[in-house]
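Colleague: I am new to this structure, and I would like a close look at one part rather than a tour of everything. Please start from the salt bridges and let them lead you to the sheet that you think deserves a careful description.

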Amino acid sequence: MRIEVDTRIPYGNACDLSLDILGDIVEVGFSPDPHWGPETLWFCFRLCCSGAPEPALNESPAPDCQALAGVRLVLKHSANMLGGNEPSAMRPVVRYDDSEWRRLPKGDLERLPDGRVTISWSVGTPEHTLDVAYCYPYGLGEVRALVTETDDAWAVDTIGVSQAARPLLRLSNGYGTDGGQRPGLYLMARQHSGETPGSWVLDGFLRAMATFGVNAPLVWAIPLANIDGIEQGDYGKDNFPYDLNRAWGRPPMRHEVLVFQRDLWRWRARCRPVLAIDFHAPGACEANGVYAYVPDPDTDRGAHEVVLQWADWTGEALGTPYAAREFARVARYPSRWETPSFRSYLWSQLGVPCITFETPYTLVGDNVLTQEDYREIGRRIANGVMQGLHALGLDGEVTYE
């Protein structure tokens, strides 16, 4: 039985791979693959113990699994990852065979002679496979589980296709009616395909909304916006040919955005539009808690004032230990793109306010984030939204269809 590295798995991403035998330990070196983009962060790969073919005469043999006492995972080039300046905050996830994903503990840092840094984690030898990822993966299987586990509270519709012809799914708890007055939410996750915390938080939000039944607003949600990047294992932040969240101009710069724009106009015509939410994750090592981006008051004062209310309601609902001390923030970092974002398109073209939530990949302070933590964050945000609807007098004032 030989151990090999496989990136041809769902969401696979790794490069600069190396296998070195150090006594009875195999050291597996890897780096995130940019996948032709300017930024890296996401990685996902599998160690396989399988009946590998005999190596060619000029190749070194792969290590024998049965002879190994353990595996050391060595992340290279962490300084080149977006927000990778504090590698001690990194906690990848692993899964043996078909078991549950679990977080790794704090890794060991090693400073190389030229000042570069590697970070490593010691794990057991897999019997068959060991999957490694930067954070808990989330894809079509998890969307199906959400729908099943909420007793089919969510209808699943294909509203179009991606640039690579993959179906674009929308979940909804109703279709509304032309001119309908049911308060409406439009939700988006994974415009940046590697930001899996966004999907897990949306998952928790939708599970909470399902419990409100007929008292819930009309909710339309895009759980996997950048489906091509998700399936290909892209990180997706500023990826070429165009970052999905910067392709919201007129005309749009990606076909997916064209699909979403037309769906947004349908949604707006069939409800009383109240709020849009965009779920993201920040840099690799941010660990100060969940925070919200609100519009810049210097350029969109009207939007800023409206969205700031929603930040107050949701930030209060999030509370300890999840909410960052500086919760409502304005994004003033440089962008590679000048075209509008999802948030700016919604306000300028549809008159709908939009709030963006950033949920860390691994830690809030010293607390290690699990899948249930992400869902709890989503549940609390949902409660905050319901509190906001109540404060605005939009709950219970209409008969929902």
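Modeller: In this model, which is predicted, the count of salt bridges comes to 23, where a pair qualifies if a side-chain nitrogen of Lys or Arg is within 4 Å of a carboxyl oxygen of Asp or Glu. The one that leads to the sheet joins Asp16 to Lys76, with 3.7 Å between their closest N and O atoms. This pair links distant parts of the chain, since Asp16 sits in strand S2 (residues 15-22), while Lys76, 60 residues away, belongs to the loop between strand S5 (70-75) and strand S6 (93-96). The two partners are not covered to the same degree: Asp16 is partly exposed, at 41% relative accessible area, whereas Lys76, at 17%, is buried, because the limit for buried is under 20%.

Strands S2 and S5 both belong to an open sheet of five strands, arranged in the order S2-S3-S5-S9-S8 and with mixed pairing. At the edges stand S2 and strand S8 (108-111), each of which has a single partner strand, so one side of each is left without a neighbour in the sheet. On average, and with direction ignored, neighbouring strands here are turned by 25° against each other.

Strand S9 (residues 117-123) repays the closest reading. On one side S9 is joined to S8 by four bridges, and these two strands run antiparallel; with S5, the pairing is again in the antiparallel sense, over five bridges. Some individual partners can be picked out in the structure. Asp108 has Ser120 in S9 as its bridge partner, Glu110 stands opposite Thr118 in S9, and Val71 stands opposite Val123 in S9. The hairpin of S8 and S9 has five residues between the strands, and in this hairpin Gly115 takes a positive phi near 100°.

S9 is also mostly covered, six of its seven residues being buried. Thr118, which is found in S9, shows how this looks for one residue: its relative accessibility is 13%, so Thr118 counts as buried. With neighbours within four places in sequence left aside, Thr118 is in contact with Val74, Leu75, Asp108, Leu109, Glu110 and Leu112, a list that includes Glu110, the residue opposite Thr118.

From the sheet, the view can be carried on into the nonpolar interior. The largest nonpolar core has 116 residues, and Leu73 and Phe205 are the ones with the most contacts inside it. Once neighbours within four places in sequence are set aside, the contacts of Leu73 include Ile119, Ser120, Trp121 and Val123, and among the others are Val28, Phe30, Phe45, Leu47, Val94, Leu104 and Val132. Two of these contacts have already appeared in the sheet, namely Ser120 as the bridge partner of Asp108 and Val123 as the residue opposite Val71.

For comparison with the long-range pair described at the start, it helps to look at salt bridges formed within helices. The side chains of Glu305 and Arg301 meet at 3.8 Å, N to O, and both residues lie in helix H5 (residues 301-318), four residues apart, which is about one turn of the helix. Glu305, at 47% relative accessible area, is partly exposed, and Arg301, at 48%, also counts as partly exposed. A second such pair is Arg375 and Glu372, whose side chains meet at 2.8 Å, N to O; these residues are three apart in helix H7 (residues 371-391), and so are separated by about one helical turn. An α-helix has 3.6 residues a turn, so residues three or four places apart point the same way. The second pair is also part of a network of salt bridges, which links Glu149, Asp203, Arg207, Glu372 and Arg375.

One further helix, H2 (residues 196-211), can be set beside the mostly covered strand S9. H2 has 16 residues and spans 24 Å from its first C-alpha to its last, close to the expected 22 Å. Of those 16 residues, 14 are buried, so H2 is largely enclosed by the rest of the structure. After H2 comes Gly213, whose phi, near 55°, is positive.

Terms used. Residues numbered from 1 in each chain as written. Predicted model: local features only at pLDDT ≥ 70, side-chain atom pairs only at ≥ 80, totals over all residues. Heavy atoms only, no water. Expected span 1.5 Å × (residues − 1). Buried < 20%, exposed > 50% of the residue type's maximum accessible area, 1.4 Å probe, protein only. Core = buried A, V, L, I, M, F, W, Y, C linked by side-chain atoms within 4.5 Å. Contact = heavy atoms within 4.5 Å. Pairing = 2+ DSSP bridges. Axes fitted to C-alpha atoms, helices over the stretch in contact; angles between N-to-C directions.
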